[in-house]
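Biologist: I should like to learn how to read several features of this model. Could we take them one at a time?

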Amino acid sequence: MNTPSEDRAPVTNFIRDIIAHDIKSGKHSHIITRFPPEPNGYLHIGHAKSICLNFGVAQDFNGDCNLRFDDTNPEKEEQEYIDSIREDVAWLGFKWKSNPSASDYFDQLYEYAVSLINKGLAYVDSLSPDEMRAQRGTLTEPGTESPYRNRSIEDNLDFFKRMKAGEFADGEHALRAKIDMASPNINLRDPVIYRIRHATHHSTGDLWCIYPMYDFTHCLSDAIEGITHSLCTLEFEDHRPLYDWFLDQLDTPCHPRQIEFARLQLKYTLTSKRKLNQLVQEGIVDGWDDPRMPTISGMRRRGFTPESIRNFSDIIGVTKKDSMIEMGVLENCLREDLNVRAQRRMAVLNPLKIIIENYPEDQVEYFDGKNHPQYPDFGTRKIPFSRELYIEQEDFMEDAPRKFFRLAPGREVRLRFAYYITCQQVIKNEDGSIRELICSYDPESRGGNTPDGRKVKGTIHWVSAAHAIDAEVRSYDRLFNVVNPARAEDVHDTLNPKSLQIHPNGKLEPEIETSRQPLAYQFERLGYFIADKHSSAEKPVFNRTMSLRDSWAKIEKEQDKN
RNA sequence: UGGGCCGUCGCCAAGCGGUAAGGCACUGGGUUUUGAUCCCAGCAUGCGCAGGUUCGAAUCCUGCCGGCCCAGCCA
């Protein structure tokens, strides 16, 4: 059986074109890429695009991809994030060649900085951060050279050594590249390359109190690892001249090529680690892996498959155009994958009891249910049937319109795999709400067809009351109510108050694993579901990964309008 | 209003001087014991706009218009 994605045309994009060209021209015989997250948060769907690009390209060109932690800011980074990043990349299905950290290169980076000083291309500035900002100029006006810009090489060497030795407080001095304070590209106006931070680093501990900046670290780390193509997002385009400048001035093993592409933007989704962190910290969601979160771990817990995310990354493309992908594309990838892998089961989210008055009180019979309507290989399972059943509340309507193909007083429907039933009587509570339905069944309709060949318009799902597994079922809707939550000042204004709906009285047919993690089910007519990480046989909890496409909902909406 | 980048169907996206792929969405029809799946059909005389070059332009040139990014000792 082919998965849908295997039938698609091969992935192509401008980055793959460049790489193919570099191989054809003989510039490279073996390519190496890298995915370089900062371990300051959990990975999200935006990172997935980059991971799939970097690892995918390496795979397809018989090259390698490194997972490198860009850990040059000890104040924000933690081991917890490192662990989660490794888990997420591996879960997506990728194997890194090596898994270094920028901090592994601190000694070499320090030497490169010394070398820059020796060439007269870097100096220790003693301006305060505020003063430096004031002298940087603006977008339209050039900056002013620092009074410390022309310190002697000896003084610079001495200051830098003392910075490293811990003789100064944070912010007292900084090492700057000596480039051009009048450059129209602000990144080239003598950027800081080392700052003093008396902070404990998650990996190097208190060994260092000076830390290199991103621009200096990244290009050199790439060069040290022999990266051929350094793929990053559009906002680093202005940094490329700086990337190239360091590599041109220093004696490095190679000069990787930086190529920028547009980051993923998904409608109704946030891909800002800072704001996602805020949701976690304020307890608005149940941690980084809350099933509503656009994090890889959240999506995993929700029931997404790695294949669906990889396929999504492939079909959205890679370009330099700012774009906003519709949720429907991701949802389609998920449904497409789950449809061919999920076994079918029956479950009722909002139970309504029905009693089949003409069915023997103590009788139980078992029906064979196909585990997949199209794939016989999936087999069948036994489904118990008895006098008292649960059906979905939404599948009954007292005053039903013509087009409603389900149960209503006097109307006949098919219980999937079982019998035709007709609603005979509605039993109500004192407050007028429906307590239960009295129905009758046609013994002739066993298996779902009658000898007289009469048709019923609807087939509904059901669960035998006496045999049902009680479960909590959680349905999710989008976490954010606005198309682009990133634009909002305050995240709180963007949240969908109904993003989580709990069905405490769910009823599952008995043939369902309640604790096994990565097993996706389709609960027929409801959607795809997976046991939550906290689910157990004692307290089953299921997450709705994704609803089924629902054209009835559309019709219903139309009717409401009329 | 300095610099960098980007504009092809509602949303993505191929196209690389020879006469507009594909996916999602949408619309119509068929199959169906999931109003699911699957299948079939429709969906840009048009490529931000205006000129120009050419036998021929989404592709080349010029000028406009619109959008995104940059003034952290963050990445």
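Biologist: Where is Tyr 148 found?

Modeller: Helices (H or I, at least four residues) and strands (E, at least two) are DSSP runs, numbered from the N terminus. Here, Tyr 148 is in the loop between helix H5 (129-135) and helix H6 (153-165). Please note that this is a predicted model, in which local features need pLDDT of at least 70 and side-chain atom pairs count only at pLDDT 80 or more, whereas totals for chains, interfaces and linings use all residues. Residues are numbered from 1 along each chain as its sequence is written, chains are lettered from A and ligands numbered from 1 in the order in which they are written, and side-chain values use heavy atoms, with hydrogens and water left out.

Biologist: Is Tyr 148 buried, exposed or in between, and which residues is Tyr 148 in contact with?

Modeller: Buried means under 20% relative accessible area, exposed over 50%, and partly exposed in between (1.4 Å probe, protein chains only). Tyr 148 counts as partly exposed because its relative accessibility is 29%. Contact means heavy atoms within 4.5 Å; apart from neighbours within four places in sequence, Tyr 148 touches Tyr 123, Val 124, Asp 125, Ser 126 and Leu 127 in this sense. Its C-alpha atom is separated by 23 Å from that of Leu 250, 102 residues apart along the chain.

Biologist: How many residues surround RNA strand B, and which helix gives the most to the surface near RNA strand B?

Modeller: A residue is near a strand if one of its heavy atoms lies within 4 Å of it. RNA strand B is surrounded by 66 residues, the closest being Lys 321, Arg 416, Gly 447, Arg 549 and Ser 551. Of the RNA strand B atoms within 4 Å of the protein, 66% belong to sugar and phosphate. H5, strand S5 (192-196), helix H12 (327-341) and helix H13 (551-561) each supply at least two residues of this surface, and H12 gives the most, with 4 residues.

Biologist: Which polar contacts illustrate this surface?

Modeller: A polar contact is a pair of N or O atoms within 3.5 Å; within protein, one must be able to donate a hydrogen and the other to accept it, and residues adjacent in sequence count only if both atoms are side-chain atoms. A side-chain N or O atom of Ser 551 lies 2.4 Å from a sugar or linking oxygen of RNA strand B. Two contacts involve bases: a backbone N or O atom of Gly 448 is 3.0 Å from a base oxygen, and a side-chain N or O atom of His 239 is 3.4 Å from a base nitrogen.
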